[in-house]
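Hi everyone, thanks for having me. I'd like to walk you through one protein model today, so have a look at it while I talk.

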Amino acid sequence: MATDPVVVWVLCCLAVWVVVKCELLSDYECPANCSCELDPPFTVCTGYGATSIPVGLPRSTISLTLTGYNLSELDLWELSSLTLLETLDVQSNKIRHIKGTLEVFPLFRELKLENNKLTNLSPKLFGNTVKRLGLVSLKGNPLNCDCGGILLDGDICDCTNYICECNIKWLQKQVKSYPDIWKGAYCHHGSSKDTAISKVDIEDFWCRTKHCWYLTIIYLGLILVPILFCRCWYKKKTINRPDLVADNQLNTLARKLGKEWEHLAIHLGITTAEVDRCKSDRPGNTLGQISDMLKLWKEKKCNDATVGNLIQGLKSFDEGSLDKDKYEFLRECDNRSCSSYTPLIGNIQ
Ligand SMILES: *[C@@H]1O[C@H](CO)[C@@H](O)[C@H](O)[C@H]1NC(C)=O
Ligand SMILES: *[C@@H]1O[C@H](CO)[C@@H](O)[C@H](O)[C@H]1NC(C)=O
């Protein structure tokens, strides 16, 4: 089948024309309730209380006006396809918060925010566009110039590397340095009259303490960790307190006790089951059984296993039926003179 090159050429041209035409049409498409001028490419939309901004705005737009919307948040990412945008006018839209950054518009110059509900502006919103801004108008926004609040609010401070700057203080700095660019910034004080931000003395208390706050936690940690560690260490050491009865004292005592030991054990707080276990562990070895019982008492009493407490227990046994000679030797050791004492520090495995 022979194809006429002229027909191919015409078809190609037609295809190119359709594509170009479509591209142009989509570029100049205008959303409902908007008016889109082509030269210059200015777009003006009226919201009539709508809660979202229109989609399909012409991408060639260099000046966009949105007004009469009911937006509590303006998300700049939703406009990021407008790469030629220089002017954004969002007056009277009930905006409380602006999300994103103007850095997405490389040619950005003017931001009109009048009559919204903004209480704060973050330096992050402006980023490096701050150097080429020609106008930021803020009249009619209830700016909150109190930087001394207690609440941890990410909208109040801009923190990088634990260094925080109060947003409103940053804004005041811009207003004072470039009064021809930053216009209409008034601090709102409830019922009394709003004051120009340049005339307000902003306390930077909170943002500075936020910085200190992190440090305080770190310092407290540095102090508390060793204290807790020492406490545990000290507790371990005190198990070997000299007033605690020593194992060789218990062995000596065991040698002096006779068949009364089982009743004595119950008197000292050892259970019948435990006595039976002591007996079955060392069948036929009474001395070993008594020793085990006394060591069990020491284990159970823990820090209360003192010589004094042991003497008390022996003395009160069966209304003093136990011969004094059997335990008086403990008393001699009860005032640190006994060589069998384990010293306070040392001998720790
Ligand atoms: C355009 O505005 C009218 C009110 O004048 C409203 O009813 C309608 O929903 C709006 N259209 C869009 C797409 O916002
Ligand atoms: C604006 O929108 C909020 C909900 O997002 C609604 O509660 C409020 O009534 C709206 N205001 C107007 C004037 O439409």
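I'll start with the whole chain, then go to a sheet, one loop residue, a helix and the ligands.

First, some housekeeping. This is a predicted model: local features need pLDDT of at least 70, side-chain atom pairs count only at pLDDT 80 or more, and totals for chains, interfaces and linings use all residues. Residues are numbered from 1 along each chain as its sequence is written, while chains are lettered from A and ligands numbered from 1 in the order in which they are written.

So how confident was the predictor? pLDDT is its confidence in each residue, from 0 to 100. The mean here is 83, and 81% of the residues reach 70 or more. Over residues 335-349, though, the pLDDT is below 50, and beyond near neighbours in sequence this stretch has 19 contacts in the model. By contact I mean two residues whose C-beta atoms, placed from the backbone, lie within 7 Å.

Now the overall picture. The protein has ten helices and 13 strands. Those are DSSP runs numbered from the N terminus: H or I of at least four residues for helices, E of at least two for strands. Of the 349 residues, 23% count as buried. Buried means 20 or more other C-beta atoms within 10 Å of a residue's own; exposed means 12 or fewer, partly exposed is in between, and these C-beta atoms are also placed from the backbone.

On to the sheet. Seven strands form an open sheet in the order β1-β2-β3-β5-β7-β8-β11, with mixed pairing. Why do β1 and β11 each have one side without a neighbour in the sheet? Well, β1 (34-36) and β11 (182-183) stand at the edges, each with a single partner strand, so one side of each is left free of a neighbour there. Pairing, by the way, takes at least two DSSP bridges between two strands.

Let's zoom in on β3. β2 and β3 run parallel and are joined by five bridges, with Phe 42 opposite Ser 63. β3 (residues 63-67) also pairs in the parallel sense with β5 (residues 87-89), over three bridges. There, Leu 64 stands opposite Leu 88, and Thr 65 stands opposite Asp 89. Side chains alternate along β3: Leu 64 and Leu 66 point to one face and are buried, whereas Ser 63, Thr 65 and Thr 67 point to the other and are not.

In the loop between β2 (42-46) and β3 you'll find Thr 61. Is Thr 61 buried or exposed? Buried, because 26 other C-beta atoms lie within 10 Å. Leaving out residues up to four places away in sequence, Thr 61 touches Pro 41, Thr 43, Leu 82, Leu 84 and Leu 85.

Next, helix α8. This helix covers residues 286-301, and its buried residues include Met 293, Leu 294 and Trp 297. Among the elements covering the buried residues of α8 are α5 (247-256), α6 (261-267) and α7 (272-281). Right after α8 comes Cys 302, with a positive phi near 55°.

Last, the ligands. Ala 32, Asn 33, Tyr 48 and Ala 50 surround ligand 1, where being near means a C-beta atom, placed from the backbone, within 6 Å. Around ligand 2 we have Gly 49, Thr 51, Asn 70 and Ser 72.

That's my tour, thanks!

Terms used:
The expected span of a helix is 1.5 Å times one less than its number of residues. pLDDT is the predictor's confidence in each residue, from 0 to 100.
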